[in-house]
Each structure stands twice: as structure tokens, then as C-alpha cells.
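Work through the exercises below with the coordinates open. Each task is followed by a solution in steps.

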Amino acid sequence: KERKKEKERERKKERNKERQKERNKERQKERNKERQKERNKERQKERNKERQKERNKERQKERNKERQKERNKERQKERNKERQKERNKERQKERNKERQKERNKERQKERNKERQKERNKERQKER
């Protein structure tokens, strides 16, 4: 009888031990699952961070391109302005030259007229 009881207790102990082992195994599985979830979350975060970095880089590149375009436009405008100024200066020079020529012509005409008058006067005196 005693032995039977003893055996029963042993079996009970054994079953409890087994159940405990089972529960521990389950808990371990749970913890592993949680850790895996955590790692996945971290990796996802990392990937998102990388993608964001990429997008920011692209946007920065775009902005730089736009600014460069703007600067080039401004420089072109400047060059055009300078060229226009040059052309205007040349035209002005041309006009001045023309006017000077006109004035010289007029003066020459005046001198010729004066000389003619002189000659006529001389001829008149001769007669």
C-alpha cells in the first residue's frame, strides 16, 4: 500500500515536472517570438530611415538643380544686358560720327561760300 502511494506521488511529481517543462517551453517560445518581433520592428525602422534619407537626398538634389538653373538664368541676363550696352554704345558712336561728318560738311560749305564771295569781290574790284 505504502509503495503504491509512493509510486503515485512519483508519477504526480513526474507529471508536474512535465507540465512545468511544457509551460517553460511555451514561455520561452513566447519570449523568442517577442524578441523576433522587436528585431523585425527595428529592421523596419532602419529601412524606413534609409528610405527617408534617400528621399531627402533626392529633394536636396532637386533644390540644388533649381538654384543652379536660377543662377545660370541670372548670369545669362547679365551677359545679355552687357551685350546690349555694348551695341548701344557702338550705335551711339556711329551716330556721333555721322553728326560730326555733317557738321564738317556744313563748315566746308560755309568756307567755300566765303571764298566764293571773296573771289567775286575781287573780280568786281578788277572791273
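**Exercise 1. Count the salt bridges in this predicted model, then examine the pair Lys93 and Glu90.**

Solution. The model is predicted, and side-chain atom pairs count only at pLDDT 80 or more. A pair qualifies when a side-chain nitrogen of Lys or Arg lies within 4 Å of a carboxyl oxygen of Asp or Glu. The count by this rule is 21 salt bridges.

Step 1: the N to O distance between Lys93 and Glu90 is 3.8 Å, and their side chains meet in a salt bridge.
Step 2: both residues belong to helix 1, 3 residues apart, which is about one turn of the helix.
Step 3: Lys93 has 53% relative accessibility and counts as exposed, whereas Glu90, at 41%, is partly exposed.

**Exercise 2. Treat the pairs Lys117 with Glu114 and Glu122 with Lys125 in the same manner.**

Solution.
Step 1: Lys117 and Glu114 form a salt bridge with their closest N and O atoms 3.8 Å apart.
Step 2: this pair lies in helix 1 with a spacing of 3 residues, about one turn.
Step 3: Lys117 is exposed at 54% relative accessibility, and Glu114 is partly exposed at 41%.
Step 4: for Glu122 and Lys125, the closest N and O atoms of the salt bridge are 3.8 Å apart.
Step 5: Glu122 and Lys125 are separated by about one helical turn, because they are 3 residues apart in helix 1.
Step 6: Glu122 is partly exposed at 38%, and Lys125 is exposed at 64%.

**Exercise 3. Which residues gather in a patch of negative charge on the surface? Locate two of them.**

Solution.
Step 1: the patch consists of Glu10, Glu14, Glu18 and Glu22.
Step 2: Glu10 sits in helix 1, which covers residues 2-126, and Glu22 is placed in helix 1 as well.
Step 3: the relative accessible area is 39% for Glu10, which is partly exposed, and 41% for Glu22, also partly exposed.
Step 4: from Glu22 to Arg55 there are 33 residues in sequence and 49 Å in space, C-alpha to C-alpha.

**Exercise 4. Describe the overall form and charge of the protein chain.**

Solution.
Step 1: the chain has 1 helix and 0 strands. Its radius of gyration is 55 Å, well over the 14 Å from the globule rule for 127 residues, so the chain is more spread out than a compact globule.
Step 2: along the principal axes, the C-alpha atoms fill a box of roughly 190 × 5 × 5 Å.
Step 3: with buried meaning under 20% relative accessible area, 0% of the 127 residues qualify.
Step 4: the chain exposes about 13400 Å², of which carbon and sulfur atoms supply 50%.
Step 5: there are 66 positive and 33 negative side chains, and the centres of the two sets are 3 Å apart.

Note on methods: Residues numbered from 1 in each chain as written. Predicted model: local features only at pLDDT ≥ 70, side-chain atom pairs only at ≥ 80, totals over all residues. Heavy atoms only, no water. Patch = residues over 30% accessible without salt bridge, like charges linked within 9 Å, V, L, I, M, F, W, Y side chains within 5 Å. Areas by Shrake-Rupley, 256 points an atom, 1.4 Å probe, with all protein chains shown as cover. Lys, Arg positive; Asp, Glu negative; His and termini not counted. Charge placed at Lys NZ, Arg CZ, Asp CG, Glu CD. Helix = DSSP H or I, 4+ residues; strand = E, 2+ residues; numbered from the N terminus. Buried < 20%, exposed > 50% of the residue type's maximum accessible area, 1.4 Å probe, protein only. Rg over C-alpha atoms; globule rule 2.2 N^0.38 Å.
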